[in-house]
Amino acid sequence: MKTIFTIIAVTFFGTMASAQDISKEAKVDALTVGVELDVTISNTIRKDRKMVRLYKFKNSRIKKELSFKTKKNRAKLA
C-alpha cells in the first residue's frame, strides 16, 4: 500500500512540475565597454640579489642535512 501511494505521489508531483510555464525568461541588456591596454615593461636589474645554489646530486651536503632520519623513523620487525 505504501509503495503504491509513493508511486502515485511521485507521478502526481512530476506531472505538476512539468506543467509549469517555464518559457518566461527575462532578457538582459549587455553593456559593451572598450578596453584600453596600457602596458609598460620596465627592465630594471637589481644587483643586490644573492645567488642560490641548486644541488643536482644526491650526496650533496645540504640535501643530506635536510633529509635526516632518526632511529625512531625506522621500521621495526615484529
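User: Is Val35 buried or exposed?

Analyst: Start with the cut-off: a residue counts as exposed when its relative accessible area is over 50%. Val35 has a relative accessible area of 72%, so Val35 is exposed. Keep in mind that this is a predicted model.

User: Where does Val35 sit in the chain?

Analyst: Val35 lies in the loop between H1 and helix H2, which covers residues 61-66. Val35 also belongs to a nonpolar patch on the surface. Its partners there are Leu37, Val39 and Ile41. Together the four expose about 530 Å² of accessible area.

User: How many helices and strands does the chain have?

Analyst: The count is 2 helices and 0 strands.

User: What span should helix H1 have?

Analyst: Use the rise of 1.5 Å a residue. The expected span takes one less than the number of residues. H1 runs through residues 2-18, which is 17 residues, so it should span 24 Å. The C-alpha atoms at its ends are 24 Å apart, and that agrees.

User: How many residues of H1 are buried?

Analyst: Buried means under 20% relative accessible area. In H1 the count is 0, so the helix is hardly covered. For the whole chain of 78 residues, buried residues make up 1%. The chain exposes about 9800 Å², and carbon and sulfur atoms supply 60% of that.

User: How many aromatic pairs are in the structure?

Analyst: A search of the whole structure finds 1. The pair is Phe12 with Phe13. To name its geometry, check the angle between the ring planes: over 60 degrees counts as edge-to-face. Here the planes are at 65° and the ring centres 5.5 Å apart, so the pair is edge-to-face.

User: Which accessibility class does each ring residue fall in?

Analyst: Phe12 is partly exposed, because its relative accessible area is 46%. Phe13 reaches 58% and therefore counts as exposed.

Note on methods. Residues numbered from 1 in each chain as written. Predicted model: local features only at pLDDT ≥ 70, side-chain atom pairs only at ≥ 80, totals over all residues. Heavy atoms only, no water. Helix = DSSP H or I, 4+ residues; strand = E, 2+ residues; numbered from the N terminus. Buried < 20%, exposed > 50% of the residue type's maximum accessible area, 1.4 Å probe, protein only. Patch = residues over 30% accessible without salt bridge, like charges linked within 9 Å, V, L, I, M, F, W, Y side chains within 5 Å. Areas by Shrake-Rupley, 256 points an atom, 1.4 Å probe, with all protein chains shown as cover. Salt bridge = Lys/Arg side-chain N within 4 Å of Asp/Glu carboxyl O. Phe/Tyr/Trp six-rings, centres within 6.5 Å; stacked < 30°, edge-to-face > 60°.
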